[in-house]
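These are my notebook entries on a structure that I am opening for the first time. I write down what I looked up, entry by entry.

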Amino acid sequence: MRNVSVTDMIHVLDTDTAPMDVLRAIAQSGVQENAFYVLDIGDIVHKHSEWKMKMPRVEPFYAVKCNDSQLVLATLAALGTGFDCASKTEIAKVMDLGVDGSRIIFANPAKMASHIRYAASQDVNTMTFDNECELYKVKQMHPNARMVLRIRCDATVAQCQLGMKFGCDPLVEAPRLLKLAAALGVTVVGVSFHVGSGCQDPPVFRRAISAARDLFDLGGQLGFSMSLLDIGGGYPGNRGSSIDQISEVVNAALDDYFPISLGVQIIAEPGRFYVASAYTLATLIHSKRDTMYYINDGVYGSFNCILYDHAVVKAIPLENKGGKPLLSSVWGPTCDGLDQVLDSVLLPPLDIGDWLVFEDMGAYTLPVASTFNGFPVPKVHAVIDESVWRFLKGCLPLTEDHFIAQNNNWTSVWDIPSPEQSTPSSPSPSPYIYELMA
C-alpha cells in the first residue's frame, strides 16, 4: 500500500508522451466535466537548473505563498532549496517535509506573537523586520532570533508592488532601526529587500544591493556580524520570459559590493519563477450565448490571479476548429457579474463541450482559489519525464511511493471513475456529454 495520497502521486511519462498529451487525453476522455490542471514536475527541475547556472552565488529560498502545493514543496526540498515562509502554517508545512529550520527564513516583517513563539520553538531563527515594534516583540519572544532588516527599493515597473506595505527607508529609518537593535541587544545579521513581484526593471537590483552595502558597513560599526543578504523576489516565470537581464545586473552588483572574499551568504525569494510555467489549466465551455463563453473556472477559483496578481491570461482552444476569429468574451461559472476571465478577445467559433487551455497558471492561483457558489477547485494531475524521474527518485522527501508508471487510461485518475470500479473496461461517455453533442 502506498503511503502517499493519490493527489500527490506523479505519473512518470515515457519518451513518447508529453504533458500536453496527458491534458488532451483527460479532456477528450468523454467523462471529464470539471476544470483540471496538468503539473509538469520536470519544468520545476529545469527552472532550478537554470537558476543555479545563471545566479550561482544566490541560494533560492522558495516563496511558499506563491504555490504551497505539497508536491511543489517536496520537489523543491529534494532539490535542496530553502524556503521563504510568512506564517507558522507555512513553516509547519515545510518542516513536515523534514526541512531544517536553518533552511527557512520567516520573511514577514509584521508577525503575530504566536507565530514568533512557534518559530522559536522550531528553531526557525532567521526573520525579517522593518519597524521598531517588531524589534520589541522579538526581543521578548525569540531572544535567539537572527534579524534581517528589510529596506524599501521599488522597481519602476512590477506586476505587484510591495513597497507601500513593507520595507523601511534605507537612508533615514534603517540606520535608526539598526541603532535601536544594538541598544536592545537584538542580533541583526543582514539586510533584505523586495523590489516587487514580477519585476520589469532589472537595474533596480543594483540600486538595492548598493543600499544594502552601506547598511552592512553601518551594522559592522555597531558591532553586528553582518553575514546575510536577501535580494528578495521579482523573477518572472512565464513561458518565454527570462531572468537573463536580472541575473546580469545581480551578478555584477554582487561582484562590486559583496565580493566572494567577504563570505556573505546571498539568498533570494523566487516564487513565480519556479512554478508559473509548470501548471497548465484546462477548462470546459459548458454554456454559451452568441460569443459569450461560460467555462467551469473563474475569478473566484484559479483566475483570482486576474484580480489579485494583475495577471493577463490567454485562452487557447484545445482543438483548432478553424473559422474566422470573432470578438468574444470568457466568463466564469458563478452567478457574480464580476466573474469575467476575458473581455474582447478574438477566438474562433466555439461550441459547448469545447475546451480552452490556459498556460502559465502555477503562480498565485490555487492557494487563493475558493469554492464560492459551490464550484470545486480544479484537481491537479502531476507528471514527470522519465529522465527527470531518474534524477529525482532518490532525493528525499520524494520517495518511490510518489511515482507511478504512466497510465495511458487517464480516465482512471482522481475524480474520474476507475475502470476497476465500474463494469465496462472502457467507460462510455456520460449522458451529459451526449447532451452536449446533440
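Which side chain of opposite charge is nearest to Glu 90, and how far away is it? Before answering I note that this is a predicted model, in which local features need pLDDT of at least 70 and side-chain atom pairs count only at pLDDT 80 or more, while totals for chains, interfaces and linings use all residues. Residues are numbered from 1 along each chain as its sequence is written, and side-chain values use heavy atoms, with hydrogens and water left out.

**Entry on Glu 90**

I found that the nearest side chain of opposite charge to Glu 90 is Lys 65, at 6.9 Å; for charge, Lys and Arg count as positive and Asp and Glu as negative, while His and the chain ends are not counted. Glu 90 is buried and has no salt bridge. I take buried as under 20% relative accessible area, exposed as over 50% and partly exposed as in between, with a 1.4 Å probe and protein chains only. A salt bridge here is a side-chain nitrogen of Lys or Arg within 4 Å of a carboxyl oxygen of Asp or Glu. Leaving aside residues up to four places away in sequence, I listed Val 64, Lys 65, Asp 84 and Cys 85 as the residues that Glu 90 touches, a contact being heavy atoms within 4.5 Å. Glu 90 itself sits in helix H4, residues 88–95; helices (H or I, at least four residues) and strands (E, at least two) are DSSP runs, numbered from the N terminus.

**Entry on H4 and its neighbour**

I then looked at how H4 packs against helix H5, residues 113–121, and read an angle of about 25° with the axes 9 Å apart. The axes are lines fitted to C-alpha atoms, for helices over the stretch in contact, and angles run from 0 to 180 degrees between N-to-C directions. H4 and H5 are therefore roughly parallel, since angles under 35 degrees count as roughly parallel, over 145 as roughly antiparallel, 65 to 115 as roughly perpendicular and the rest as oblique. On the H4 side I noted Lys 88, Ile 91 and Ala 92, which meet Ser 114, His 115, Tyr 118 and Ala 119 of H5.

**Entry on salt bridges**

Counting by the rule above, I arrived at 17 salt bridges. One of them pairs Asp 255 with Arg 57, whose closest N and O atoms are 3.8 Å apart. Asp 255 belongs to helix H9 (residues 244–257) and Arg 57 to the loop between helix H2 (41–54) and strand E3 (58–63), so the pair ties together parts that are 198 residues apart in sequence. Asp 255 is partly exposed at 49% relative accessible area, and Arg 57 is partly exposed at 21%.

H4 came up again here, as Lys 93 and Asp 68 meet in a salt bridge with an N to O distance of 3.6 Å. Lys 93 lies in helix H4 and Asp 68 in the loop between E3 and helix H3 (70–79), so this pair ties together parts 25 residues apart in sequence.

I also followed Glu 359, which forms a salt bridge with Arg 239, the closest N and O atoms being 3.3 Å apart. Glu 359 is in the loop between strand E18 (355–358) and strand E19 (379–385), and Arg 239 is in the loop between strand E11 (228–230) and H9, 120 residues away along the chain. Finally, I noted that Glu 50, Lys 54 and Asp 244 are linked in a network of salt bridges.

**Entry on Gly 271**

Gly 271 lies in the loop between strand E12 (265–268) and helix H10 (272–275), and its relative accessibility of 7% makes it count as buried. Apart from residues up to four places away in sequence, Gly 271 touches Tyr 62, Ala 63 and Cys 66.

**Entry on backbone details**

I found a cis peptide bond between Leu 396 and Pro 397, with omega about 10°. Pro 397 is in the loop between helix H12 (386–392) and strand E20 (403–405). His 310 has a positive phi of about 55° although it is not a glycine, and Asp 360, in the loop between E18 and E19, has a positive phi of about 60°.

**Entry on the whole chain**

I closed with the totals: the chain has 13 helices and 20 strands, and buried residues make up 53% of its 438 residues.
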